[in-house]
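Here are a few exercises to work through with the viewer open. Try each task before you read its solution.

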2 protein chains.
Amino acid sequence: MATNELIERLLDTTDSDAFEGVVDALHALDDSTFEPGGSPKGVAEAAALVGLSPHTLRYYEQEGLVRPGRNSAGYREYSAFTLRRLVFLTRMRMSGMTMHDLKRYIALVERGTETEAERREIMLAQRDRIRRQLRELTLALVTTEYKLRSYGGHPDG
Amino acid sequence: MATNELIERLLDTTDSDAFEGVVDALHALDDSTFEPGGSPKGVAEAAALVGLSPHTLRYYEQEGLVRPGRNSAGYREYSAFTLRRLVFLTRMRMSGMTMHDLKRYIALVERGTETEAERREIMLAQRDRIRRQLRELTLALVTTEYKLRSYGGHPDG
DNA sequence: GCTTGCCTTCGAGCGCACTCGAATCCGTAG
DNA sequence: CTACGGATTCGAGTGCGCTCGAAGGCAAGC
């Protein structure tokens, strides 16, 4: 099986360092990452943190995916909790979950623990989708590198 | 680095068998795979082979991505060459290359070998895009599996 | 007090990649 | 001869996920 070799190759080129300890990164979210002084973030700052636009954050709220608090001036305040959810949302979106499904999932979350079975189904489907995508992407990578080799270049650009 | 371990895990679950020898699969395209009797395929058959709809195949043609021949009745005939290109196109599309860039790339291909340098740039960008996506997908997978674990279920559905 | 700049809401608009429908034509089976 | 499934062209329509613009509010600096 040349597959692992392949994937290894793709990951240890370029900046795979920013990639170590993925799980750690995920759990660091609870702590200081999002709330350096415990102060919630405004919409622009929050947007920058998760890599979306303020417009999009407002759109997500409108769609019921997040419910940031408001300060005395009516401005949005993104707590660590909300920011963590935003990170989750972006991860799911980037891996191909539709807004439709994401809304359904979040609605279940808000309804409480009794909905866990249904949520689990959604996540199982999501896991399979991601795996399929990973396979497709790897095929695409092979094809791309094949082309690059055929152009006889110095493959490391 | 827990990364390789992770990816290994995701690949050897489910049907990773259909995945062995990716490069081989890619080169089998020249041979009997697409032209069992040497006969070109109609639009429906071709569509089924690459997993697209006949509508989409006609659309791709309209956009200049393929130029299948025609039989005496004016029906499209997809040769092995055209089918191979279709496979390439779908791989690029699935890995996030836009129609815009794909059209540009194919236009360069049709212009001949003098355009190889420019094509190479496109493929380099594509390779980087794919790598980025692979990292993002892996993060999404970790998140998804974390959720699944938190639902305490039997993770293998 | 006024300017500057980020915030608010609202609804409309956009870009991408298909996707469909209508009208018509081809070729085989009965 | 006729009916049928599947092909053709063309332009219009769809769904998704934002993305933008207008009209106005709040807060800090000069």
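**Exercise 1.** In which kind of contact do the side chains of Arg111(A) and Glu114(A) meet?

Solution. First, the ground rules: this is a predicted model, where local features need pLDDT of at least 70, side-chain atom pairs count only at pLDDT 80 or more, and totals for chains, interfaces and linings use all residues. Residues are numbered from 1 along each chain as its sequence is written, chains are lettered from A and ligands numbered from 1 in the order in which they are written, and side-chain values use heavy atoms, with hydrogens and water left out.

Now look for a salt bridge, meaning a side-chain nitrogen of Lys or Arg within 4 Å of a carboxyl oxygen of Asp or Glu. Arg111(A) and Glu114(A) make one, at 3.7 Å from N to O.

Next, check accessibility: buried is under 20% relative accessible area, exposed is over 50%, and partly exposed is in between (1.4 Å probe, protein chains only). Arg111(A) has 54% and counts as exposed; Glu114(A) is exposed too, at 63%.

**Exercise 2.** Find which parts of chain B are linked by the pair Glu110(B) and Arg67(B).

Solution. Start with the distance: their side chains form a salt bridge, 3.5 Å from N to O. Then place the ends, taking helices (H or I, at least four residues) and strands (E, at least two) as DSSP runs numbered from the N terminus. Glu110(B) sits in helix α6 (residues 99–111), and Arg67(B) in the loop between α4 and β1 (69–70), 43 residues apart. Finally, Glu110(B) is partly exposed at 41%, while Arg67(B) is exposed at 63%.

**Exercise 3.** Do the same for Arg104(B) and Glu118(B).

Solution. The closest N and O atoms of this salt bridge are 3.3 Å apart. Here the pair links helix α6 of chain B, which holds Arg104(B), to helix α7 (residues 116–150), which holds Glu118(B); the two are 14 residues apart. Arg104(B) is partly exposed at 38%, and Glu118(B) is partly exposed at 39%. For the whole structure, the search finds 18 salt bridges over all chains.

**Exercise 4.** Describe the protein surface around DNA strand C.

Solution. Count a residue as near if one of its heavy atoms lies within 4 Å of the strand. There are 16 such residues, and Arg76(A), His55(B), Tyr60(B), Arg93(B) and Met99(B) come nearest. By element, α4(B) gives the largest share, four residues. By class, you get eight nonpolar (Ala, Val, Leu, Ile, Met, Phe, Trp, Tyr, Cys and Pro), four charged (Asp, Glu, Lys and Arg) and four polar (the others, Gly among them).

Now go to the phosphates. Polar side-chain atoms lie 2.5 Å from a phosphate oxygen for Arg76(A), 3.3 Å for Arg70(A) and 3.0 Å for Tyr60(B). Arg70(A) and Arg76(A) also belong to a network of salt bridges with Glu61(A).

**Exercise 5.** Which atom of DNA strand D is 3.2 Å from a side-chain N or O atom of Tyr75(B)?

Solution. It's a base nitrogen. Compare the phosphate side: Arg76(B) has a side-chain N or O atom 2.5 Å from a phosphate oxygen of strand D, and Arg58(B) has a polar side-chain atom 3.0 Å from one. Of the strand D atoms within 4 Å of the protein, 72% belong to sugar or phosphate and the rest to bases.

Key: Polar contact = N/O pair within 3.5 Å; in protein donor to acceptor, adjacent residues only side chain to side chain.
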